[in-house]
Amino acid sequence: MFAEVAPRYDLMNDLVSLGQDRRWRHDVVDALAPQPGEVILDLAAGTGTSSVPIRRAGASVISADLTEAMVMVGHRRLPDQVFVVGDAMRLPFADDGFDAATISFGLRNVADPAVVLAELYRVVRPGGTVVICEFSRPTMAPMRLVYHQWLKRALPVAARIASSDAAAYSYLGESIMAWPDQRGLAAMMEAAGWEEIQWRNLTGGIVALHRATKP
Ligand SMILES: C[S@@+](CC[C@H](N)C(=O)[O-])C[C@H]1O[C@@H](n2cnc3c(N)ncnc32)[C@H](O)[C@@H]1O
């Protein structure tokens with residue numbers, strides 16, 4: 001599916017999120033607080049859009065993704081960024097090798113998020129951090145209602161007009177509504193071994209940033 005949307009992925013992102021995704025990406029950097037010299041894994045990095053602000057903060061970033069077409073678009077756009085094609089379910093990295101890891105809008109798309117949370121735990125060093133940026137549950141009921149209507153009705157129409165793969169964006173709405181809420185994701189992280197789990201709602205909970213530490 002991501003191979004189909006790769007050429008227009010970043011344009012569609014801006015459209016679907018009404019430009020909010022840029023702000024969310026800066027919030028990811030704040031949560032990671034990257035230090036120069038640190039090595040950070042950006043998992044499910046796609047075209048590398050989520051990696052750029054982290055790199056700008058001074059850390060070295062490895063962008064890993066399963067879909068070659070996404071990585072190829074990224075590689076053309078960011079020739080000096082390190083991209084690795086690899087499966088989040090079986091990361092091609094050694095234990096304890098990263099100071100931190102992050103995944104933006106990727107965990108919802110994998111076959112088994114619990115396995116990916118355990119893989120992230122394995123590759124981050126003790127004392128290191130994980131930051132997960134994912135769609136979540138708006139905290140106010142009226143906003144939730146409007147948002148779910150937008151996902152069900154407006155998003156598929158917008159996708160038909162602007163994207164070559166409208167089905168992918170119908171899937172987006174369905175997968176967001178089926179995804180666990182803030183507390184549910186925190187429980188999954190805890191089950192994978194992560195500690196000091198905290199989350200912050202962005203745009204009223206449309207997106208949540210979860211942050212945790214490996215003991
Ligand atoms: C919505 S995009 C997010 C890209 C980027 N993180 C961003 O914020 O723009 C989701 C990405 O997850 C990747 N993905 C899906 N399953 C994966 C897996 N098992 N391992 C690694 N990446 C995967 C897709 O190829 C796609 O590039």
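Two residues are said to be in contact when heavy atoms of theirs lie within 4.5 Å of each other. With that meaning fixed, this predicted model can be followed from its sheet down to a single side chain.

The sheet is open and consists of 7 strands, arranged in the order β3-β2-β1-β4-β5-β7-β6 with mixed pairing. Its edges are formed by β3 (82-85) and β6 (195-202); each has a single partner strand, so one side of each is left without a neighbour in the sheet. From one strand to the next, the twist averages 20 degrees.

At the β3 edge, strand β2 (residues 60-65) runs parallel to β3 and is joined to it by 4 bridges. Ser63 has Phe83, in β3, as its bridge partner.

Helices also lie across the strands. Helix α6 (residues 113-123) crosses β1 (39-43), β4 (98-104) and β5 (124-135), and its direction makes an angle of about 145 degrees with β5. Helix α9 (residues 182-191) lies across β5, β6 and β7, at about 155 degrees to β6.

Strand β7 (residues 207-213) contains His210. Is His210 buried or exposed? Its relative accessibility is 1%, and buried means under 20%, so His210 counts as buried. Beyond its neighbours within four places in sequence, His210 is in contact with Val130, Val131, Ile132, Gln182, Leu185, Ala186, Met189, Gln198 and Trp199. For Gln182 there is a further detail: its backbone oxygen lies 2.8 Å from a polar atom of the His210 side chain.

Notes: Residues are numbered from 1 along each chain as its sequence is written. This is a predicted model: local features need pLDDT of at least 70, side-chain atom pairs count only at pLDDT 80 or more; totals for chains, interfaces and linings use all residues. Side-chain values use heavy atoms; hydrogens and water are left out. Helices (H or I, at least four residues) and strands (E, at least two) are DSSP runs, numbered from the N terminus. Buried means under 20% relative accessible area, exposed over 50%, partly exposed in between (1.4 Å probe, protein chains only). A polar contact is a pair of N or O atoms within 3.5 Å; within protein, one must be able to donate a hydrogen and the other to accept it, and residues adjacent in sequence count only if both atoms are side-chain atoms. Two strands pair if DSSP finds at least two bridges between them. Axes are lines fitted to C-alpha atoms, for helices over the stretch in contact, and angles run from 0 to 180 degrees between N-to-C directions.
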